[in-house]
Amino acid sequence: MSAKPSTESRPDFTQLRALPRERWPRREQILCEAASLFAQRGYHGTSTRDIAEALGIRQPSLYNHYPSKLAILQDLCAYDIGVPEERVRWLAGAEASASARLYAAISLDVEYCLEAPIDMRGLPDDLIREPGLESWNRRLRAWYGTVRALVREGVEEGELALIDPEFARQAIWGVEWEVIRVSHGGRRRRAGTRPDDTATFLLRGLLADPGRVGEVRRAAAEVIAAYRAAT
């Protein structure tokens, strides 16, 4: 099994969920309000003054924690890119079929975004092209590359239907994003069956034999359990 994942960019969601938002550390409060405003108004349509007002603080107080809106966006990238990119790298090295690892990656992505204490809908790919986010852009591309490699491996093993890996990656992300957009609603909530439903739906379409989706789901559950034990 893969080595234990790094925790360098992994926020402690469990700790935040256990507290009312007013008791969160101020930096996390800022990230939460900024993410919600970015989802509603867009990054360029939101100012640091808007974020400060949403928190009920003065703009100079916000600058005590973040010197700029870009600095806030950089920290949000640790949630939106850092964690899932680390996770899919771990899953790519797990001892399981490519289809089981892909199922696990999809399920964990959706669960993570729906249960995150911040709104994940405000960080579309085009923001990663902003000057100052070059390192996060590279990690986003690495994340996409790992997903493509999993698809390619599954095709080569005969588990997945013959499909262009980049098209499959785009389809996976498109469905995940729509589930997150519709289900999240800007509020903290439990993911319920959405992660499993999403992974089952996508793998049924990707498998060379869609009838194997139950078998793949069971194998993925073991991969997910191993990932949770490692983290």
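In this predicted model, the charge of Arg169 sits over the face of Tyr144, at 3.7 Å from the ring centre. Tyr144 is itself part of an aromatic cluster that also holds Trp143, Trp173 and Trp177. The surrounding protein is built from 10 helices and contains 0 strands.

**Charges over rings**

- Arg169 is placed over the ring face of Tyr144, a residue that is buried.
- A second arrangement of this kind involves Arg27, which lies over the face of Tyr66 at 4.2 Å from the ring centre.

**Aromatic pairs**

- A search of the whole structure returns 5 aromatic pairs.
- Phe38 and Tyr43 form an edge-to-face pair, because their planes stand at 75 degrees, with 5.2 Å between the ring centres; planes over 60 degrees apart count as edge-to-face.
- Phe38 and Tyr43 are both buried.
- The pair formed by Trp143 and Tyr144 is tilted, with 40 degrees between the planes and 6.0 Å from centre to centre.
- Trp143 and Tyr144 are likewise both buried, and they belong to one cluster with Trp173 and Trp177.

**Fold and surface**

- Read from the N terminus, the elements follow the order α-α-α-α-α-α-α-α-α-α.
- Of the 231 residues of the protein, 48% count as buried.
- Among contacts with a separation of 6 or more, 75% join residues that are 24 or more positions apart.
- The exposed area of the protein is about 11,000 Å², of which carbon and sulfur atoms supply 49%.

**Annotated region**

- UniProt, in an unreviewed entry, lists residues 47-66 as "DNA-binding region".
- In the model, residues 47-66 are 65% helix and 0% strand.
- The C-alpha atoms at the two ends of residues 47-66 are 13 Å apart.
- Tyr66, the ring beneath Arg27, is the final residue of the range given in the UniProt record.

**Surroundings of Gln74**

- Gln74 is located in helix H5, which covers residues 69-92.
- Gln74 has a relative accessible area of 28% and is therefore partly exposed; the buried class requires a value under 20%.
- Leaving aside residues up to four places away in sequence, Gln74 touches Gly132, Leu133 and Trp136.
- Gln74 and Gly132 are 58 residues apart along the chain, while their C-alpha atoms are separated by 8.2 Å.

Notes
Residues numbered from 1 in each chain as written. Predicted model: local features only at pLDDT ≥ 70, side-chain atom pairs only at ≥ 80, totals over all residues. Heavy atoms only, no water. Helix = DSSP H or I, 4+ residues; strand = E, 2+ residues; numbered from the N terminus. Buried < 20%, exposed > 50% of the residue type's maximum accessible area, 1.4 Å probe, protein only. Contact = heavy atoms within 4.5 Å. Areas by Shrake-Rupley, 256 points an atom, 1.4 Å probe, with all protein chains shown as cover. UniProt positions renumbered as here; feature names shortened; annotations may be inferred. Phe/Tyr/Trp six-rings, centres within 6.5 Å; stacked < 30°, edge-to-face > 60°. Lys NZ or Arg CZ within 6 Å of the ring centre and 35° of its normal.
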